[in-house]
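Here are my notes on the model you sent over. Have it open while you read, and shout if anything looks off.

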Amino acid sequence: MAERIDVAILAATGSVGQRFVQLLAGHPWFRIAELVASDRSAGKRYADAVNWRISAAPPEEVRDIVVKHIEEPIQSPVVFSALPGGVAGAIEEALAREGKKVFTNARDHRMDPDVPLLIPEVNPDHARAIERQRQLRGWRDGFIVANPNCSTIHLVLALKPLYDAFGIEQGIVTTLQAASGAGYPGVPSLDLIDNVIPYIGGEEEKIEAESRKILGQWADGIFQDAPLTLSAHCNRVPVRDGHLETVSLKLRQQATAAEVIEVLRSFRARPQELELPSAPRHPVIVLDEPDRPQPVLDRDAERGMASVVGRVRPCPVFDIRFVVLGHNTIRGAAGASVLNAELFYREGLL
């Protein structure tokens, strides 16, 4: 434990920041050394600054850490960013320029032509883009690595094995996204109770564009998008945690439901080979029950790090359809960045 790498968490008092704290407390490779937040929290003990929403109290090891202001110098070599979109971009660039290894959950750099948009089970080879990123930006040691949108992550974890086995030409995905995806306090209760909001700004475009980048290739110094057409419909629903998505796919090669299930269940990748601490043993879990997955029952599968698939069956319009569920603030946010950092650690990129 004495050899752990010091890390800083930006926006440590927010919803995703709290998940970073929860997942990194006691981590075998990383030690929480710095917690960073806004004017309202800076200078206070973390326990006094945070409105902790995950459990009874924040982890013991972080309670007495004094929260830094975002403008104070950061000493830790590794930074996890839970900053909001629109704010994160310039701050993360400044830290990378200083030599920090920045793993971000924010949207600002996801589609940059030199920033890996990483899901370690899907495109670990995209990590090589940091070399080009440093060349283009004149950064010596620092870099930025982004994880995708919360809905994109769980969708693409299910798409990847099917894309490799059968090919995918087209897809339609409808998301039913949990309230926690909007942060805290998020959507006002009187807007969401007894209601569904059929709009989440920018979400549909993110799913469509990010999926193509992730399933594509890094070659000749550029990202080459996958030749895949997706249509996304995004809705906010009165569920606390867990995004559920209904998916219909047109495959390049015909496959039965049984064949699709077998490919999904047997899927393993680089994080499982390396036995990364946060990696799920089964990145995709397939359930046989006709009414599963359900958020309240299945969002915590594999400590919230797996995508849970169910209702795999033929599609009368395309070829195959199914439901996928995932925890949006664990694997869909903070857990995704932590797993990215673990991959970089084991591959010698830190």
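The points below go from the whole chain down to single residues.

1. Ground rules first. This is a predicted model, where local features need pLDDT of at least 70 and side-chain atom pairs count only at pLDDT 80 or more, while totals for chains, interfaces and linings use all residues. Residues are numbered from 1 along each chain as its sequence is written, and side-chain values use heavy atoms, with hydrogens and water left out.

2. Overall fold. I count eleven helices and 14 strands in the chain; these are DSSP runs numbered from the N terminus, with helices (H or I) having at least four residues and strands (E) at least two. The C-alpha trace spans about 60 × 50 × 35 Å along its principal axes. The radius of gyration is 20 Å, which agrees with the value near 20 Å for a compact globule of 350 residues (taken over C-alpha atoms; the rule is 2.2 Å times the number of residues to the power 0.38).

3. Packing and surface. Of the 350 residues, 56% count as buried, meaning under 20% relative accessible area, with exposed over 50% and partly exposed in between (1.4 Å probe, protein chains only). Among contacts (heavy atoms within 4.5 Å) with a separation of 6 or more, 74% join residues 24 or more positions apart. About 14700 Å² of surface is accessible, and 49% of that belongs to carbon and sulfur atoms; the areas come from the Shrake-Rupley method with a 1.4 Å probe, and for residues only the protein chains shown count as cover.

4. Charges. There are 39 positive and 46 negative side chains, and the centres of the two sets lie 1 Å apart. Lys and Arg count as positive, Asp and Glu as negative, with His and the chain ends not counted; each charge is placed at NZ of Lys, CZ of Arg, CG of Asp or CD of Glu.

5. Cysteines. How many disulfides does the structure hold? Zero, a disulfide being a pair of cysteine sulfur atoms within 2.5 Å. For Cys150 the closest cysteine sulfur is that of Cys234, and 9.0 Å is too far for a bond. Both residues are buried, Cys150 at 14% relative accessibility and Cys234 at 2%.

6. Gln177. This one is part of strand E7 (residues 168-177) and counts as buried, because its relative accessibility is 1%. Beyond neighbours within four places in sequence, its contacts include Cys234, Asn235, Arg236 and Val237, along with Ser151 and His243.

7. Two loops. Thr13 sits between strand E1 (5-10) and helix H1 (15-24). Its C-alpha is 9.3 Å from that of Ala82, 69 residues away along the chain, and among the residues in contact with Thr13 are Ala37, Ser41 and Tyr46. Asp291 lies in the loop between strand E12 (284-286) and helix H10 (295-298), and is partly exposed with a relative accessible area of 49%. From Asp291 to Leu136 the C-alpha distance is 50 Å, with their positions 155 residues apart in sequence.

8. The tail. Leu350 belongs to the segment after helix H11 (330-346) and counts as partly exposed, at 30% relative accessibility. Leu350 and Val78 are 272 residues apart in sequence, yet 8.3 Å apart C-alpha to C-alpha. Leaving out residues up to four places away, Leu350 touches several phenylalanines, including Phe30, Phe103 and Phe143, as well as Ile5 and Val78 itself.
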